[in-house]
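Trainee: Hey, I've just opened a new structure and don't know where to begin. Can you walk me through it?
Mentor: Sure, pull it up and we'll go piece by piece.

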Amino acid sequence: MARALDPSEVVRARLTAPGPKRILAIDGGGVRGALAIGMLTRLEATLRARLGRPKLVLADYFDLIGGTSTGAIIAAGLALGRDCANLENLYRRMGPRVFGPGLRVPLVQARFNPGRLRALLEEELGPETLGTAPWQTGFAAIAKRVDTGSPWVLTNSPAAKYWLGDPGEVAAGGDPDARAVVANKDYPLAKVVQASAAAPFFFDLVSVEVIRGRPGIFFDGAISPHNLPALQLAMTALVPAYGFGWRAGADRLMIVSVGTGQARPRQSRWVGRRMLSLWKAMTALMSLGYDSGQLVVSLMQWLGTSPQPWMINSEVGDLSGVAPGPPLWTFVRYDAPLEEEWLENVLGAAPSARLIKAYHRIDGAANIPALVALGEAVGDKLIKPDHFPGRFDPPEPASPPAPAKGKGRARRKAP
């Protein structure tokens, strides 16, 4: 009887298999993750029809699924082999439970009780670690470490530099439990995802033991340049230090980026009006997230090729056909910016301005069903089978071995 592979062996086999590779990157955005789930549902249906595999899940197609904040929650579920219906059900339950009312002290405590999110993630993901979770494909989450001031990319790659701990300590041998640096493979998965989703003001910071007896302090990866994580995941796949060792090229690497509807932060009200300096400063800081995302999409399209280029702005257009050299990847972006004009152009109609404004909220739990439906409607318009050419088709799943002749189930002897 064949020995069952442990999770790390499954991931290693997937990440090192020959052939082209496919990455799915999911943005942050709080409960607007429901919008991404709607588009992912249409993506899942498109790939099922395209490949003739009615039970396909996105982990069957993509070799690395990663995200930031709410995108990390979705990515974890997908990389564990769950379908989009499972993730939609999770968000419908998560919204009122995590973002519901509670007794909090304004300006002293986070707006929502972080224990609710922690409990939900522990229920969903269990006590598993990055090394023991039953992964079906590669996974990555991005969080911001506060005490060292650096974004962290945490993956399930067994070739990651700190997978077994500090390389110097590992080389010295000895008892792994006596090493000062905690191995990445031992980080609790639920805590990794919670750290990526710990939005300041809404949730408290999250501590993860990275050195024995001395935790690292993390908050939402959206408070970094990687709320739209496509570029960082491309680097994770291609930069040798991350341990993936994949190759660049339009026929070798596909990157699909799915957004959560962030709109351009226009401030037309500021024209000819006096505004509080504090409000202007906060708004300017918040707009950095949008600007970083636009820069990522610009670079992904400039350095790659895309079957459906995303409009950047009226000056540079969509940057198609102006790559500075051979394309590094095939890139496609799916999003549903919560802007009336954009939605009208794509769908032929848009929700009211009042509803669109409500949908912008990252804590608007009541909006989750409508956001899922809106994401599916946009996905129907944007996602095309020819975005996924045959050169990127994953291998067919192996068929279970047929029982050997004469060695079927043994008959029970008559008494």
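Mentor: We'll go through the strands, the helices, the aromatic rings and the cavity.

Trainee: What should I know before reading any values?
Mentor: This is a predicted model, where local features need pLDDT of at least 70 and side-chain atom pairs count only at pLDDT 80 or more, while totals for chains, interfaces and linings use all residues. Residues are numbered from 1 along each chain as its sequence is written, and side-chain values use heavy atoms, with hydrogens and water left out.

Trainee: OK, strands. How many of the residues of β3 are buried?
Mentor: Eight of the eight, so strand β3, residues 138-145, is largely enclosed by the rest of the structure. Buried means under 20% relative accessible area, with exposed over 50% and partly exposed in between, using a 1.4 Å probe on protein chains only. Strands here are DSSP runs of E with at least two residues, helices are runs of H or I with at least four, and both are numbered from the N terminus.

Trainee: Which residues sit on each side of β3?
Mentor: On one side you have Gly138, Ala140, Ile142 and Lys144, and on the other Phe139, Ala141, Ala143 and Arg145. Both faces are covered. In a regular strand the side chains alternate between the two faces of the sheet.

Trainee: And which strands does β3 pair with?
Mentor: Pairing takes at least two DSSP bridges between two strands. Strand β2, residues 64-68, runs parallel to β3 with five bridges, and there Thr68 has Ile142 as its bridge partner. Strand β4, residues 150-155, is antiparallel to β3 with six bridges, and Ala140 faces Thr155 of β4. Strand β6, residues 214-220, is also joined to β3 in the antiparallel sense, by three bridges, with Ala143 opposite Asp220.

Trainee: What happens in the hairpin of β3 and β4?
Mentor: Four residues lie between the strands, and Gly149 takes a positive phi near 65 degrees.

Trainee: Switching to helices. How far apart are the end C-alpha atoms of α2?
Mentor: They are 26 Å apart, which agrees with the 27 Å that the 19 residues of α2 (33-51) should span at 1.5 Å a residue. That expected span is 1.5 Å times one less than the number of residues. Burial counts 14 of the 19 residues of α2, so this helix is largely enclosed by the rest of the structure. Just after α2 comes Gly52, with a positive phi of about 65 degrees.

Trainee: How many residues of α4 are buried?
Mentor: 10 of the 10, so α4 is largely enclosed by the rest of the structure. Among them are Thr70, Gly71, Ile73 and Leu78. Gly81 follows α4 and has a positive phi, near 95 degrees.

Trainee: New topic: how many aromatic pairs does the structure hold?
Mentor: Six. Rings of Phe, Tyr and Trp (its six-membered ring) pair if their centres lie within 6.5 Å; planes under 30 degrees apart count as stacked, over 60 as edge-to-face and the rest as tilted. Tyr61 and Phe62 make an edge-to-face pair, 5.0 Å centre to centre with 75 degrees between the planes, and both residues are buried. For Phe244 and Trp246, the centres are 5.4 Å apart and the planes at 85 degrees, so that pair is edge-to-face.

Trainee: Which residues form one aromatic cluster?
Mentor: Tyr61, Phe62 and Phe388. Phe388 sits in the segment after α13 (368-382), and counts as buried at 1% relative accessibility. Its C-alpha lies 8.1 Å from that of Leu47, though Phe388 and Leu47 are 341 residues apart along the chain.

Trainee: Last one: how many cavities of 30 Å³ or more turn up?
Mentor: One, from a search of the whole structure, and it holds about 50 Å³ of space. A cavity is a set of points on a 1 Å grid over the protein atoms alone where a 1.4 Å probe fits but cannot get out, and lining residues have an atom within 4 Å of a point. Grid points are joined across faces, edges and corners, and the volume is the space filled by probe spheres set on the points.

Trainee: Which elements give two or more residues to the lining of the largest cavity?
Mentor: Those are α4 (70-79) and α6 (114-125). The lining includes Ile73, Arg82, Leu121, Glu124 and Val193.

Conventions:
1 Å grid on protein atoms, 1.4 Å probe; cavity = no way out; pocket = protein on both sides within 12 Å on 5 of 7 lines; lining within 4 Å.
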